[in-house]
Amino acid sequence: MISVAVGVIVSNKQVYLTYRNATQHQGDKWEFPGGKFELGETGKDALKRELFEEVGIIVKQAQPLTQITHDYGDKSVLLDVYIVDEFENEPKGKEGQHGKWLDIKKLDPLAFPKANIEIIKMLQSSSYSA
Ligand SMILES: Nc1nc2c([nH]c(=O)n2[C@@H]2O[C@H](COP(=O)(O)OP(=O)(O)OP(=O)(O)O)[C@@H](O)[C@H]2O)c(=O)[nH]1
């Protein structure tokens, strides 16, 4: 089981998404930025490091949203998901990935890896989207 820190970056009823390219696991799909824990890291440590490396933001506040385990067949993941609602810098794909802000209401679960369906449901029924 691979532990992955996932950041749901929220602002004005929108979330920031990055695109997983075709060569990656679960590629050609949108994702919430994040990545695997390194040895000895807590979830929040991994979250802060990954969000800085991938989209250039400094996380000021992160609240745990949920933990999701999913078996893709070729890989099992544990997503440790955080709401990030205070941060410095404007997020942008620093590793050349496409990135965009999207209304939470417009998130389409089919455009994401399967493990994300539950996250999207939670967001769309929360006060972050209303
Ligand atoms: N970052 C991120 N990963 C997700 C999401 N949903 C989801 O199932 N995952 C899975 O969690 C794992 C995250 O790995 P990663 O982004 O650190 O690494 P990667 O697949 O790019 O591969 P690599 O670093 O080994 O080359 C992948 O297996 C990916 O399919 C999500 O919303 N964000």
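Where does the ligand sit? In this predicted model, the ligand sits in the largest pocket, and the close-up views below show its surroundings and an aromatic pair.

**View 1. The ligand in the largest pocket, with the shell of residues around it.** The elements that contribute two or more residues to this shell are β4 (34-36) and β6 (76-88), and β4 provides the largest share, with three residues. Of the 17 residues around the ligand, those that come nearest are Arg-20, His-25, Phe-32, Lys-36 and Tyr-72. Sorted by class, the shell consists of seven nonpolar, six polar and four charged residues.

**View 2. Polar contacts of ligand nitrogen atoms with Phe-32, Gly-34 and Asn-116.** A polar backbone atom of Phe-32 lies 2.7 Å from a nitrogen atom of the ligand, while for Gly-34 the distance from a polar backbone atom to a ligand nitrogen atom is 3.4 Å. With Asn-116 the contact involves the side chain, in which an N or O atom is 2.7 Å from a nitrogen atom of the ligand. On its own the ligand has 630 Å² of accessible area, of which the protein covers 79%.

**View 3. The aromatic pair formed by Tyr-16 and Trp-101.** The structure holds three aromatic pairs, and one of them, between Tyr-16 and Trp-101, is edge-to-face, with 5.4 Å centre to centre and 70 degrees between the planes. Tyr-16 belongs to strand β2 (residues 14-20) and Trp-101 to strand β7 (residues 99-103), and the pair thus links distant parts of the chain, its two members being 85 residues apart.

Key. Residues are numbered from 1 along each chain as its sequence is written. This is a predicted model: local features need pLDDT of at least 70, side-chain atom pairs count only at pLDDT 80 or more; totals for chains, interfaces and linings use all residues. Side-chain values use heavy atoms; hydrogens and water are left out. A residue is near a molecule or strand if one of its heavy atoms lies within 4 Å of it. A polar contact is a pair of N or O atoms within 3.5 Å; within protein, one must be able to donate a hydrogen and the other to accept it, and residues adjacent in sequence count only if both atoms are side-chain atoms. Accessible areas come from the Shrake-Rupley method with a 1.4 Å probe; for residues, only the protein chains shown count as cover. On a 1 Å grid over the protein atoms alone, a cavity is a set of points where a 1.4 Å probe fits but cannot get out, and a pocket is an open set with protein on both sides within 12 Å along at least five of seven lines; lining residues have an atom within 4 Å of a point. A molecule sits in a cavity or pocket if more than half of its atoms lie within 2 Å of its grid points. Helices (H or I, at least four residues) and strands (E, at least two) are DSSP runs, numbered from the N terminus. Ala, Val, Leu, Ile, Met, Phe, Trp, Tyr, Cys and Pro count as nonpolar, Asp, Glu, Lys and Arg as charged, and the others, Gly among them, as polar. Rings of Phe, Tyr and Trp (its six-membered ring) pair if their centres lie within 6.5 Å; planes under 30 degrees apart count as stacked, over 60 as edge-to-face and the rest as tilted.
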